[in-house]
Amino acid sequence: PAQRAATMPPKKKDEPAEALGAARFGRVRNNLKMGVVGLPNVGKSSLFNLLTDQSIAAENFPFCTIEPNEARCAVPDERYDYLCQAWKPPSEYPAYLHVTDIAGLVRGAAEGAGLGNAFLSHVQAVDGVFHVVRAFDSEEVIHVDDSVDPVRDLETIQAELCAKDMEYLKRAVEQEKMDVKKNPTMKLSGLFTSTMDKVEEMLTNNQPIRTGDWSTPEVEMIKEKLARLITTKPIVYLVNLSKRDFVRKKNKWLVKIRAWIKEHGGGAMIPFSVEFERELWDLREDADATKAFLDAAEGAKSALPKMVVQGYKELNLIYYFTAGEKEVRCWTLYEGSLAPQAAGVIHSDFERGFIKAEVCAYEDFKALAKGKSMAEVKAAGKYRQEGKTYVVKDGDIIHFQFNVTAPKKK
């Protein structure tokens, strides 16, 4: 019996975790984008300028940022900083979150009011949304609806996005019916009809599609037939407060906004203050003034790093490191990717001629390595050889072995 107990069950393959919520509907790509949206004069372009140091004219007038502005924000990460310190290479390349500033939305946009349709097509082109909501009063910055009410603003935008999706759904269903009519061998599947009905019911009730309870076949059907839905995208809510409220961490709207988000499918909420961030940013050249400003701020600090990290997470992105004398670099990939796909992010030859990946976890490197070498990590048995079925983990340090001799098959 003792001998029998020693037999082990067969080792499970590394299975990627099942994506949830909005992530199930996402495009599996490595260069995904977040779009910043909000009603006019909520602090959206000011935030975008801060995120990117690019000064576009954030004038106090709706529809001033018509061409969506692109930016890339480095993702702050202590692990990356540590590796750069350890290797001190001439080339350092962090992970980036790509962010697009999308021009102001107004009520009635789905019918084409203001910049409606151009705006909505820009939203369709991004993979996730930073929704900026205003919870500060100001004489200088007018509000489109003449009073500050963030819950009403959330309702406005959610209703607009659902209306746009409804319009798109109806067109897609019509198109499918026409295709079926033209082709005698085709017929509308039961799954198509039931999924579209369910989508329509949710949108009629102003419920975003990402919050629904969907089976895998339904998700596949939505991705195939309704690829440009807006309400399948993840949303991070950014609440713009006055500097005073941000520092004292109090604002009459925060509890109401959180309750609204909870009732409407959940999502991350990050309070911040354009006023606070701008003052802090303007002091960046002066270390003493920055210290004095932060000391007076009762522990409040910039919320921008948190936004970038959260945006990256919502898009289901991770990164691995390559580290050596010449370069420390983060390589972005979709969570759940296998080693050959991860190699392909560097170059398609790496994927095509993939032999193996030599991997060590960042935590092991930090705990064991004494300098710019893997010797201690290897000695401790923490430097692994992984094959084609290895699911890459966030923060892996990887060296790929590959061999490409034959030309690519035509």
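A polar contact is a pair of N or O atoms within 3.5 Å of each other; within protein, one of the two must be able to donate a hydrogen and the other to accept it. Keep that idea in mind for the helix cap described below. Welcome to this structure, which is a predicted model. Its open sheet has six strands, and a search of the whole structure finds one cavity of 30 Å³ or more. Let's take the sheet as our starting point and then move outward.

**The sheet as a whole**

- Strands of a sheet pair through backbone hydrogen bonds, either parallel or antiparallel.
- Reading across the open sheet, you meet the six strands in the order S2-S4-S1-S5-S6-S7, and the pairing is mixed.
- Strand S2 (69–74) and strand S7 (268–272) stand at the edges with a single partner strand each, so one side of each has no neighbour in the sheet.
- From one strand to the next, the twist averages 25°.

**Strand S1 and its partners**

- Strand S1 covers residues 33–37, and four of its five residues are buried.
- S1 runs parallel to strand S4 (residues 96–101), and four bridges link the pair.
- To find this pairing in the model, look for Gly 35, which stands opposite Thr 100 in S4.
- S1 also runs parallel to S5, again with four bridges.
- Here Val 37 is a useful landmark, as its bridge partner in S5 is His 131.

**Strand S6 and its partners**

- S5 and S6 are parallel and are joined by six bridges.
- Arg 134 is the residue that stands opposite Asn 240 in S6.
- S6 pairs with S7 as well, in the parallel sense, over five bridges.
- One position to look at is Val 236, whose bridge partner in S7 is Ala 268.
- How many of the six residues of S6 are buried? The count is six of six, so to speak a full house.
- Ile 235, Tyr 237 and Val 239 point one way from S6, while Val 236, Leu 238 and Asn 240 point the other way, and all are buried.

**The cavity**

- The largest cavity holds about 90 Å³ of space.
- It is lined by 14 residues, and those closest to its centre are Gln 158, Leu 161, Arg 210, Thr 231 and Ile 235.
- Ile 235 is already familiar from S6, where it points the same way as Tyr 237 and Val 239.
- Three elements give two or more residues to this lining: strand S5 (128–134), helix H5 (150–182) and strand S6 (235–240).
- Which element gives the most to the lining? That is H5, with five residues.
- By type, the lining has 10 nonpolar residues, three polar ones and one charged one.

**Helix H11 and what follows**

- Helix H11 spans residues 287–296, and Asp 286 caps its N-terminal end.
- In this cap, a side-chain oxygen of Asp 286 lies 3.2 Å from the backbone nitrogen of Asp 288.
- H11 is followed by Glu 298, which has a positive phi near 50°.
- Glu 298 sits in the loop between H11 and helix H12 (304–314).
- Is Glu 298 buried or exposed? Its relative accessibility is 58%, and exposed means over 50%, so Glu 298 counts as exposed.

**Lys 249, another positive phi**

- Lys 249 is not a glycine, yet its phi is positive, at about 55°.
- You will find Lys 249 in the loop between helix H8 (243–248) and helix H9 (254–263).
- Lys 249 is exposed, with a relative accessible area of 58%.

**Glu 277, a buried residue**

- Glu 277 belongs to helix H10 (residues 274–282).
- Buried means under 20% relative accessible area, so Glu 277, at 3%, counts as buried.
- The C-alpha atoms of Glu 277 and Lys 243 are separated by 8.5 Å, although these residues are 34 residues apart along the chain.

Notes: Residues numbered from 1 in each chain as written. Predicted model: local features only at pLDDT ≥ 70, side-chain atom pairs only at ≥ 80, totals over all residues. Heavy atoms only, no water. 1 Å grid on protein atoms, 1.4 Å probe; cavity = no way out; pocket = protein on both sides within 12 Å on 5 of 7 lines; lining within 4 Å. Points joined across faces, edges and corners; volume = space filled by probe spheres on them. Nonpolar A, V, L, I, M, F, W, Y, C, P; charged D, E, K, R; others polar. Buried < 20%, exposed > 50% of the residue type's maximum accessible area, 1.4 Å probe, protein only. Pairing = 2+ DSSP bridges. Axes fitted to C-alpha atoms, helices over the stretch in contact; angles between N-to-C directions.
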